[in-house]
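Reader: Could you walk me through this model? I'd like the core and the ligand site, then one of the helices.

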Amino acid sequence: MSNSEASLSALDEQGLRAEIVRLNKVIQALMDRAERAGGSNGSDFDRFQTTVIWEELVERRTQELAKALRENEKINRALREAEQKFHSVLDQSLVGITMMVEDSFHYVNLKFAGIIGYSVDEILRMRPTDIADGCDESFVRETTRLLAGETEQISFVTDAKRKDGQVITVEVSGNSSVSIAGKRVLIAVWVDITERLRNERAVQLLQEQLREQATRDPLTGLYNRLFLNENLARELLQAKRLGQSISVVMADLDHFKAINDRHGHLAGDEALKHFAAIMKRYSRGSDISCRYGGEEFFWVLPNTTEATAYERANELRMAIAAESVFFNCASITITASFGVAAYPAGGMTCRELIASADAALYMAKYAGRNQVRCISECFTTETGADTSI
Ligand SMILES: Nc1nc2c(ncn2[C@@H]2O[C@H](COP(=O)(O)OP(=O)(O)OP(=O)(O)O)[C@@H](O)[C@H]2O)c(=O)[nH]1
């Protein structure tokens with residue numbers, strides 16, 4: 001291809017047609033001038049010669065332009081075909097793809113139309129902000145930042161509104177490495193993550209439920225021994241770090257076997273639930289209330305001295321003794337014995353504290369049940385003696 005051909009083929013079709021018109025005008029003007037000059041000075045032969053030269057020139061130039069036009073059409077056809085292929089590939093994409101120029105969509109693929117619920121034509125008449133309208137403002141903020149050239153790459157999660165009004169969550173990532181007619185173009189990839197988030201939340205909920213089930217006693221709803229083992233150590237460590245005291249209370253229903261024997265196992269279960277309900281009522285937010293096993297319960301009282309723990313255990317004891325259990329029209333009175341131990345005097349480790357509370361509980365049982373005993377032997381309560389241990 002010659003230089004002139006190359007420069008011609010670089011012109012667009014409209015430019016080429018304008019060039020033909022312009023050249024024809026130039027040729028006409030030159031011919032007019034030659035004719036006028038010939039009329040005054042030249043011979044018929046000169047005029048004939050000039051006309052032939054100009055005709056040849058016009059012929060050659062016209063041929064060049066026609067060739068360039070054909071070339072241009074070929075290029076345009078190839079471009080159109082390439083664009084069609086490109087769009088059909090993008091329409092197969094599993095993610096939404098958009099090209100935005102300033103405040104409008106320049107191109108969107110079918111997947112994006114599916115995500116938003118509008119047709120491609122409808123979207124091309126919309127502004128990108130219409131989609132985020134009334135939802136998350138991060139869409140507007142991030143795209144504005146990108147189109148203003150403040151950042152090269154954006155990635156964010158936002159809410160978007162579908163045509164049917166449904167609010168969905170989309171993950172958007174984009175950049176503006178391309179420009180059209182000097183304007184920055186935002187090319188963005190959209191993924192609808194609504195379903196994924198819903199599933200993640202369901203899995204999380206299920207995990208929380210499983211964890212809850214793994215750490216709770218199903219009969220009473222109190223924490224179980226597994227939870228106690230994990231959390232007493234943490235609470236003790238915290239008490240040591242903050243220089244605070246921490247108390248533990250071991251409780252055991254009195255003559256529980258007799259309740260089972262007299263009223264049945266279900267009545268025994270009811271008594272356990274009854275004890276747990278009162279224990280919960282007497283617990284504070286920071287306390288840990290557990291069913292230790294069988295008819296034994298365990299209370300962890302953070303930032304509580306042995307004296308206060310004694311008082312609180314005694315209040316619980318009195319409430320248990322005062323409120324009867326009702327089962328199958330029978331009113332069953334239950335009592336419980338309590339052993340208290342506090343860090344640091346009652347033990348430096350979890351194992352030592354539990355052993356101390358257990359020993360204090362043994363003393364309470366031995367001393368007659370329905371009473372609270374501390375490992376330090378500082379406090380006792382008076383009750384009807386029952387030393388059958
Ligand atoms: N209903 C019921 N009974 C239980 C459960 N777990 C343990 N027990 C019963 O609790 C009773 C405990 O009896 P013991 O260890 O002899 O103690 P106790 O009768 O309470 O006597 P003291 O503790 O000495 O006052 C046993 O009969 C167990 O079967 C339970 O989940 N439900």
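**Core, ligand shell and a helix**

Author: The largest nonpolar core has 46 residues, and those with the most contacts inside it are Val248, Val249, Phe338, Val340 and Ala357. A nonpolar core is a set of buried Ala, Val, Leu, Ile, Met, Phe, Trp, Tyr and Cys residues joined through C-beta atoms within 7 Å. Buried means that 20 or more other C-beta atoms lie within 10 Å of the residue's own, with C-beta atoms placed from the backbone. This is a predicted model: local features need pLDDT of at least 70, side-chain atom pairs count only at pLDDT 80 or more, and totals for chains, interfaces and linings use all residues. Residues are numbered from 1 along each chain as its sequence is written.

Reader: Which helix gives the most to this core?

Author: Helix H13 (residues 350–366), with seven residues. Helices are DSSP runs of H or I, at least four residues, and strands are runs of E, at least two, numbered from the N terminus.

Reader: What does Val248 touch?

Author: Phe298, Trp299, Val300, Ala341, Leu353, Ile354 and Ala357, leaving out residues up to four places away in sequence. Touching means C-beta atoms within 7 Å.

Reader: OK, the ligand. Which residues come nearest?

Author: Asp254, Phe256, Lys257, Gly268 and Gly294, out of 16 around the ligand (C-beta within 6 Å of it).

Reader: Which element gives the most to that shell?

Author: H11, with four residues.

Reader: And H8, how many of its residues are buried?

Author: Zero of the 22, so H8 lies largely in the open.

Definitions and conventions: A residue is buried if 20 or more other C-beta atoms lie within 10 Å of its own, exposed if 12 or fewer, and partly exposed in between; C-beta atoms are placed from the backbone. Two residues are in contact if their C-beta atoms, placed from the backbone, lie within 7 Å.
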